[in-house]
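User: I am new to this structure and would like to understand the words used to describe it. Could you take me through the reasoning behind them?

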Amino acid sequence: MTEAAVTGRAVSPKRWLLFALLTVGLWGVWGAFAGISAQRGFPETLVYCVWAVTMVVPAVVVMQREKWRLDRDPVSVLFGLLIGLTGAGGQMLLFYAVTTGPAYLIFPIISLSPLVTILMSLLFLKERTSRLGALGVVLALAALPLFDFTPQGFSFANGATWFPLALGIMLCWGVQAYFMKLANTRMSAESIFFYMTFSGLLLIPVAIAMTDFSQSVNWGWDGPWLAALIQMLNAIGALFLVYAFRHGKAIVVAPLTNAGGPLVTAVISLLVAGVMPGGFKVLALVLAFAAAALLATAA
């Protein structure tokens, strides 16, 4: 079944780029302020709960627009839950991983999840891109680990716990992006996002169980309510990501959105907080900007 048959309308060849850039912008702003909630005494596990609830808002909006037509056949339900649970499950693993290992090594590993998506798309979807697009993909993959990498003395012999978890998160998010593209060939984007929202809500009890309530929790306006405003950016960005995968190639969408978001975050941090990035992040910014330009040109 072709993409035009699934959507029932003509598809602009540049439409994917619009949705990808919207995702980059929203996730970039979200990334710049995502840490505020935890800094003000609202645990990350509860931030997950808030994020899962904020997903409901865009889900209701798009499902209302589609008059609540939901793909309910077994394959669509399987794809939808697989996409939702790999995304939310990866987030659950991340909560535990950062308590057992160094974030400066965990996040660079996780950031390589587009590599999983690209390899699966090349092998199973037979996706290809131009030479400029291929160069953009390579530059994006090179930039991703540099955004979070800080060279410090550390022995991987001490990574028996966090290293497999980081690899698991990378695999989860890479597989999620692949199946997001695959599912878009047989079901509506709105149904995909509905199942993503449903899966996120399913894991709320797990996040609550992981929360240490012996510590003080900020229930004020700058706790859950501020978290909701920030996480709404994440939720809407996730919706636009589904549309980006619907109209674009996974081997291009995945690296562009994963490299572009940190690029916007770094720029905002520089402008708002006056934080000057180090050498590795400057190199990452240059590579990410070049990658975004090449991927957009090659679209």
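Analyst: Buried means a relative accessible area under 20%, exposed means over 50%, and partly exposed is what lies in between. Please keep in mind that this is a predicted model.

User: Why is serine 111 counted as buried?

Analyst: The relative accessibility of serine 111 is 12%, and the cut-off for buried is under 20%, so serine 111 counts as buried. Serine 111 is placed in the loop between α7 (103-110) and α8 (113-125), and, leaving aside residues up to four places away in sequence, it touches Leu144 and Pro145. Serine 111 and phenylalanine 147 are 36 residues apart in sequence, with 8.9 Å between their C-alpha atoms.

User: What makes lysine 67 exposed, and what is tryptophan 68 called?

Analyst: Lysine 67 has a relative accessibility of 66%, and exposed begins over 50%, so lysine 67 counts as exposed. For tryptophan 68 the relative accessible area is 39%, which falls between the limits of 20% and 50%, and therefore tryptophan 68 is called partly exposed. Lysine 67 is in the loop between α5 and α6, and tryptophan 68 is also found in the loop between α5 and α6. Lysine 67 has a phi near 55°, a positive value in a residue other than glycine, while tryptophan 68, not a glycine either, has a positive phi of about 60°.

User: How do you know that helix α4 is largely enclosed by the rest of the structure?

Analyst: Helix α4 covers residues 44-54, and 9 of its 11 residues are buried, so it is described as largely enclosed by the rest of the structure. The buried residues are Thr45, Leu46, Val47, Tyr48, Cys49, Val50, Trp51, Ala52 and Thr54, and what covers them includes α3 (36-39), α5 (56-65), α6 (74-100), α11, α12 (204-210) and α13.

User: Why is α11 called oblique to α13?

Analyst: The axes of helix α11 (residues 189-202) and helix α13 (residues 221-247) come within 10 Å and cross at roughly 140°. Roughly antiparallel needs an angle over 145 degrees, and roughly perpendicular runs from 65 to 115, so the crossing makes α11 oblique to α13. The crossing in which α11 passes α13 is right-handed. On the α11 side the contact is made by Ala189, Glu190, Ile192, Phe193 and Met196, and on the α13 side by Ala235, Ala238, Leu239, Val242, Tyr243 and Arg246. Sorted by class, this contact of α11 with α13 has 9 nonpolar, no polar and 2 charged residues.

User: What makes glutamate 190 buried, and which side chains does it make polar contacts with?

Analyst: Glutamate 190, which belongs to helix α11, has a relative accessible area of 4%, and the limit is under 20%, so glutamate 190 is buried. A polar contact needs N or O atoms within 3.5 Å. The side chain of glutamate 190 makes one of 2.9 Å with the side chain of arginine 65, and another, of 2.6 Å, joins glutamate 190 to the side chain of tyrosine 243. Not counting residues up to four places away in sequence, glutamate 190 touches Val62, Met63, Arg65, Glu66 and Tyr243.

User: How do you know that asparagine 184 is buried?

Analyst: Asparagine 184 is in the loop between α10 (162-183) and α11, and its relative accessible area is 2%. Set against the cut-off of under 20%, that value means that asparagine 184 is buried. Its side chain also makes a polar contact of 2.5 Å with the side chain of arginine 246.

Terms used
Residues numbered from 1 in each chain as written. Predicted model: local features only at pLDDT ≥ 70, side-chain atom pairs only at ≥ 80, totals over all residues. Heavy atoms only, no water. Axes fitted to C-alpha atoms, helices over the stretch in contact; angles between N-to-C directions. Helix = DSSP H or I, 4+ residues; strand = E, 2+ residues; numbered from the N terminus. Parallel < 35°, antiparallel > 145°, perpendicular 65-115°, else oblique. Left-handed = near helix turned anticlockwise from the far one by under 90°. Contact = heavy atoms within 4.5 Å. Nonpolar A, V, L, I, M, F, W, Y, C, P; charged D, E, K, R; others polar. Buried < 20%, exposed > 50% of the residue type's maximum accessible area, 1.4 Å probe, protein only. Polar contact = N/O pair within 3.5 Å; in protein donor to acceptor, adjacent residues only side chain to side chain.
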